[in-house]
Amino acid sequence: MHQTNSLYEQLGGEEMVSRAVSIFYRKVLGDPLLRPFFEGVDVTRVESMQRAFLATVFGGPRTYSGRDMRRAHARLVERELADVHFDAVLNHLDNTLEELNVGKLLRDWARALTESQRKDILGR
């Protein structure tokens with residue numbers, strides 16, 4: 001049998017992505033390094049966009065139709081969003097997936113897909 005399941009499918013689909021995003025943002029908003037970037041932001045809207053973005057990046061059926069990563073984060077780059085913040089986000093994502101009992105291989109895959117967005121998110 002030829003298996004080509006996307007990361008999205010292997011993680012558990014929409015329900016798992018939704019759970020992960022909720023836990024992830026709880027961690028991010030609790031992080032004093034990252035919290036200032038979310039002041040005055042509609043977190044519910046951001047979470048919804050994040051679910052669609054992750055579903056797309058992880059190979060799911062939903063299509064992210066928001067702004068590209070460079071434009072979406074330009075305001076944050078102006079506020080000095082940098083590698084240290086991106087690294088913190090990656091760690092929160094990894095910790096969230098670990099908390100949800102996702103194995104290391106799939107966590108590494110998620111990390112690599114997210115890492116592939118670093119240059120655009122940081123405006124380089």
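Ala 74 is placed in helix 4, where helices are DSSP runs of H or I with at least four residues, numbered from the N terminus. With a relative accessible area of 32%, Ala 74 is partly exposed; on this scale, buried means under 20% relative accessible area, exposed over 50%, and partly exposed in between, for a 1.4 Å probe and protein chains only. Ala 74 and Thr 114 are separated by 40 residues in sequence and by 17 Å in space, C-alpha to C-alpha.

The model is predicted, so local features need pLDDT of at least 70 and side-chain atom pairs count only at pLDDT 80 or more, while totals for chains, interfaces and linings use all residues. Residues are numbered from 1 along each chain as its sequence is written, and side-chain values use heavy atoms, with hydrogens and water left out.

Helix 2 is a good place to continue. For its 17 residues, a rise of 1.5 Å a residue gives an expected span of 24 Å, which agrees with the 24 Å between the end C-alpha atoms of helix 2; the expected span is 1.5 Å times one less than the number of residues. Buried positions in helix 2 are Gly 13, Met 16, Val 17, Ala 20, Val 21, Ile 23, Phe 24, Tyr 25 and Val 28. The cover over these buried residues includes helix 1 (7-11), helix 3 and helix 5 (83-99).

Consider next the packing against helix 3. The axes of helix 2 (residues 13-29) and helix 3 (residues 43-57) come within 10 Å and cross at roughly 130°; axes are lines fitted to C-alpha atoms, for helices over the stretch in contact, and angles run from 0 to 180 degrees between N-to-C directions. That angle makes helix 2 oblique to helix 3, since angles under 35 degrees count as roughly parallel, over 145 as roughly antiparallel, 65 to 115 as roughly perpendicular and the rest as oblique. On the helix 2 side, Val 17, Ser 18, Val 21, Ser 22, Tyr 25 and Leu 29 meet Val 43, Val 46, Glu 47, Gln 50, Arg 51 and Leu 54 of helix 3, contact being heavy atoms within 4.5 Å. By class, seven nonpolar, three polar and two charged residues make up this contact; Ala, Val, Leu, Ile, Met, Phe, Trp, Tyr, Cys and Pro count as nonpolar, Asp, Glu, Lys and Arg as charged, and the others, Gly among them, as polar.

Within helix 3 lies Gln 50, which counts as buried at 18% relative accessibility. Leaving aside residues up to four places away in sequence, Gln 50 touches Val 21 and Tyr 25. The C-alpha atoms of Gln 50 and Asp 68 are 12 Å apart, with their positions 18 residues apart along the chain.

Helix 5 also packs on helix 2, at an angle of about 135° and with the axes 9 Å apart. Helix 2 and helix 5 are therefore oblique to each other. Here Ala 20, Ile 23, Phe 24, Arg 26, Lys 27 and Val 28 of helix 2 meet Val 89, His 92, Leu 93, Asn 95, Thr 96, Leu 97 and Glu 99 of helix 5. The classes in this contact are seven nonpolar, three polar and three charged residues.

Two loop residues complete the picture. Glu 80, in the loop between helix 4 (69-78) and helix 5, has a positive phi of about 75° although it is not a glycine, and Glu 80 counts as exposed at 63% relative accessibility. Asn 101, in the loop between helix 5 and helix 6 (104-115), is likewise not a glycine yet has a positive phi of about 65°. With a relative accessible area of 71%, Asn 101 is exposed.
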